[in-house]
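Visitor: I have a model open on my screen and I'd like to learn how to read it. Could you take me through some features one by one?

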Amino acid sequence: MSNFENFGLKQDLLKAINDLGFENPTPIQAQVIPYMLSNEVSDLIGLAQTGTGKTAAFGLPVLQQINVDKLETQCLILAPTRELCVQISKDLLNYSKYIEKMKITSVYGGASIEPQIRELKKGTHIIVGTPGRVLDLLKRKLVKIEKIDFLVLDEADEMLNMGFKDDLDAILSKSAKTKKTLLFSATMPNEIRKIADNYMNSPKEISVGSKNSGAENVEHHYYVVSAKDRYLALKRIVDMYPAIYGIVFCRTRKETQEIAEKLIQDGYDADALHGDLSQVQRDHVMSKFRSQHLQVLVATDVAARGLDVNNLTHIINYNLPDENDIYIHRSGRTGRAGKSGISISIIHSKELSKIKNTEKILKKNIELKKIPDGKEICKIQLMSMIDKINNVETIDNQIDTFLPLIYQKLNWLSREDLITRFVSVEFNRFLMYYSNTRDINFDVNERRDERRMGERDKGRKGERANGRRDERKTKNGERTNGRRDERSNSKGKIRLSKYFLSLGEKDGFSKYKLLEIINNSDGLAGVEVGKIEILKTHTFFEIDSNFHENAMKIFKNRRYDGKRLKIEKK
Ligand code: AMP
């Protein structure tokens, strides 16, 4: 097994990476470091996802080869965002903490240029910057790159996606001819090939994982719902993973803000990250997210770039991105540094072909999953809470003084009652929310059947085909109408029937208990419920009239606390 010592790295660097706890090199490090320290080094293209240890892969050999006694810029590192620049500088400072005199300066837009100019004027060995700001400083002759030994393009595909192509061309054409250029990218679109052809000398290509592929330890799931149910689906997915720590990607700034606000209103630890926020606001949100004070960050792609978090459990595509590259980038934010992760897409039925296309590029299966119903989610949440109770650390000597009083107050309750009540304190809100939910999964098979039939029809000619088409039209018509009804139901245009039930407050009956009966009965679970009025001796309630027979059957012969129930349709 190779380790860092075999690479010929200096003791100062070895000591620093030992302090960081790096024991074995990651695959990209194992390939890039020895190559860059060898005599035959030329330009290099590294194909690797974010989170694979790229920074140390280029950072360690660059740091090793900087002559600290010469206070001149010897390396320029370009990265797409301010956050990534800051992260790279921080990493390089960590690796070089035992190398006296090493100077690293970062320059980026969205921050005042004056302090950056002051730093540059003091002299520096390594500049880490965004292309726009570097070009600006280059024009002011404050950044000098005609003598650099190394030029690193980090997340090159992202820089192109962000429109830095012209800036990159301008910078590359002004840099030293003798330098080594190192280009890192997660994907390899043609534009990157062109940069390599124009500015690099027969680069060696190093690739970890297959080109354009997602990270190895990321599972890919998708859920199909109608567009109007997207937000409901998001909430159920988030609720399904009580320990979720993830990013929800939205298409626009407006959508990002709206979804985050809805989640906050609904009681989630969420916030929004997008370009309409000031830099100070963005920094604040990112720091809350990094310190895990937020469980869910709702973000646009641009704003989330450079947010370096290694332990995300999930990323959720609230919408499928238009480009497969963006899908790969998003999912590469989870499953980092050897951890596993799940990439989830919420799609509507028209996007099924896009999923197939993404699967081909990923060379991985994207699994169709079902949005769970309320009962399943309640079970998952409840079990997670019970696990928390099992694992909680108790501060015995602090609680001891209160225990006698607590015992005295709870003395009249049985163990079963006590457990039910403790769980209810935390859980009633959840149960109520999910007590009246419907199945929001879109029936993918049905759509596939319809499409297959449609395609077969297209291929047929003549009378026979027409005849069959007509026949099918009727059959199919019925089915589609069935679905349409279901759809209008969920928009609230349902016919409700009202019922009298011979149970009221004096029987200890409540709204919650009624919903419990409905949701635990096979023929009624998930049915739309209207108004519920609990009176002293009886109750009126409304449910979807399509379920009349089931309601009558379920309530008629039932007993409640020994009392036989009477139900009547009003
Ligand atoms: P990067 O792809 O450079 O952003 O690195 C991703 C994360 O992996 C960072 O938090 C690094 O500190 C960490 N890392 C990099 N190399 C190693 C290594 N050899 N062993 C353990 N962690 C590493």
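Visitor: Let's start with Val86: how does its relative accessibility count, as buried, exposed or partly exposed?

Guide: This is a predicted model, so keep in mind that we're reading a prediction. The idea is to compare the accessible area with two cut-offs: under 20% is buried, over 50% is exposed, and the rest is partly exposed. Val86 comes out at 33%, so it counts as partly exposed. You'll find Val86 in helix α4.

Visitor: And what separates Val86 from Val107, along the chain and in space?

Guide: Here you read two separations side by side, one in sequence and one between C-alpha atoms. For Val86 and Val107, that's 21 residues in sequence and 8.8 Å in space.

Visitor: Where can I try that again with Asp308?

Guide: Go to the loop between α13 (301-304) and β12 (314-317), where Asp308 sits. Its relative accessibility is 25%, so Asp308 is partly exposed. Now look across to Glu83: the two residues are 225 apart along the chain, while their C-alpha atoms are separated by 7.9 Å.

Visitor: What about Asn436, in which loop does it lie?

Guide: Asn436 belongs to the loop joining α19 (415-433) and α20 (444-459). With 30% relative accessibility, Asn436 also falls in the partly exposed class. Its partner to check is Gly374, 62 residues away in sequence and 7.7 Å away in space, C-alpha to C-alpha.

Visitor: Is Thr178 buried or exposed?

Guide: Exposed: the relative accessible area of Thr178 is 67%, and the cut-off for that class is over 50%. Thr178 is in the loop between α8 (165-174) and β6. Between the C-alpha atoms of Thr178 and Glu146 there are 9.3 Å, with their positions 32 residues apart along the chain.

Visitor: Now backbone angles. What is the phi of Lys101?

Guide: For this one, look at the sign of phi and check whether the residue is a glycine. Lys101 is not a glycine, yet its phi is positive, at about 75°. The residue lies in the loop between α4 and β3 (104-107). Lys101 is exposed, with a relative accessible area of 55%.

Visitor: And what is phi near in Gln292?

Guide: Near 65°, again a positive value in a residue other than glycine. Gln292 is placed in the loop between α12 (279-290) and β11 (296-299). At 44% relative accessibility, Gln292 is partly exposed.

Visitor: Let's go inside. Which residues touch the most other members of the largest nonpolar core?

Guide: To read a core, ask which buried nonpolar side chains touch each other. The largest one here has 42 residues, and Leu9, Leu60, Ile77, Leu92 and Ile126 touch the most other members. Elements that each supply at least two residues of this core include α1 (11-19), α2 (27-37), β2 (75-78) and β4 (126-129). The biggest contribution comes from α3, with 6 residues.

Visitor: How many cavities of 30 Å³ or more are there?

Guide: A cavity is a space where a probe fits but cannot get out. The count is 1 cavity of 30 Å³ or more. About 130 Å³ of space lies in the largest cavity. Its lining includes Thr50, Glu155, Asp301, His329 and Arg333.

Visitor: Which helix gives the most to that lining, and what classes of residue are there?

Guide: Helix α14 gives the most, with 3 residues. Both α7 (156-161) and α14 (324-331) supply at least two residues each. By class, the lining has 2 nonpolar, 3 polar and 6 charged residues.

Visitor: Why does the largest cavity lie between domain 1 and domain 2?

Guide: Because both domain 1 (4-207) and domain 2 (218-373) give residues to the lining of the largest cavity.

Visitor: Last one: how many disulfides does the count come to?

Guide: A disulfide is a covalent bond between the sulfur atoms of two cysteines. To call one, you'd look for a pair of cysteine sulfur atoms within 2.5 Å. The count here comes to 0 disulfides.

Visitor: And are Cys250 and Cys378 buried or exposed?

Guide: Cys250 is buried, at 1% relative accessible area. Cys378 is buried too, with 8%. For both, the cut-off to apply is under 20%.

Definitions and conventions:
Residues numbered from 1 in each chain as written. Predicted model: local features only at pLDDT ≥ 70, side-chain atom pairs only at ≥ 80, totals over all residues. Heavy atoms only, no water. Buried < 20%, exposed > 50% of the residue type's maximum accessible area, 1.4 Å probe, protein only. 1 Å grid on protein atoms, 1.4 Å probe; cavity = no way out; pocket = protein on both sides within 12 Å on 5 of 7 lines; lining within 4 Å. Points joined across faces, edges and corners; volume = space filled by probe spheres on them. Helix = DSSP H or I, 4+ residues; strand = E, 2+ residues; numbered from the N terminus. Nonpolar A, V, L, I, M, F, W, Y, C, P; charged D, E, K, R; others polar. Domains from an automatic or database assignment. Core = buried A, V, L, I, M, F, W, Y, C linked by side-chain atoms within 4.5 Å.
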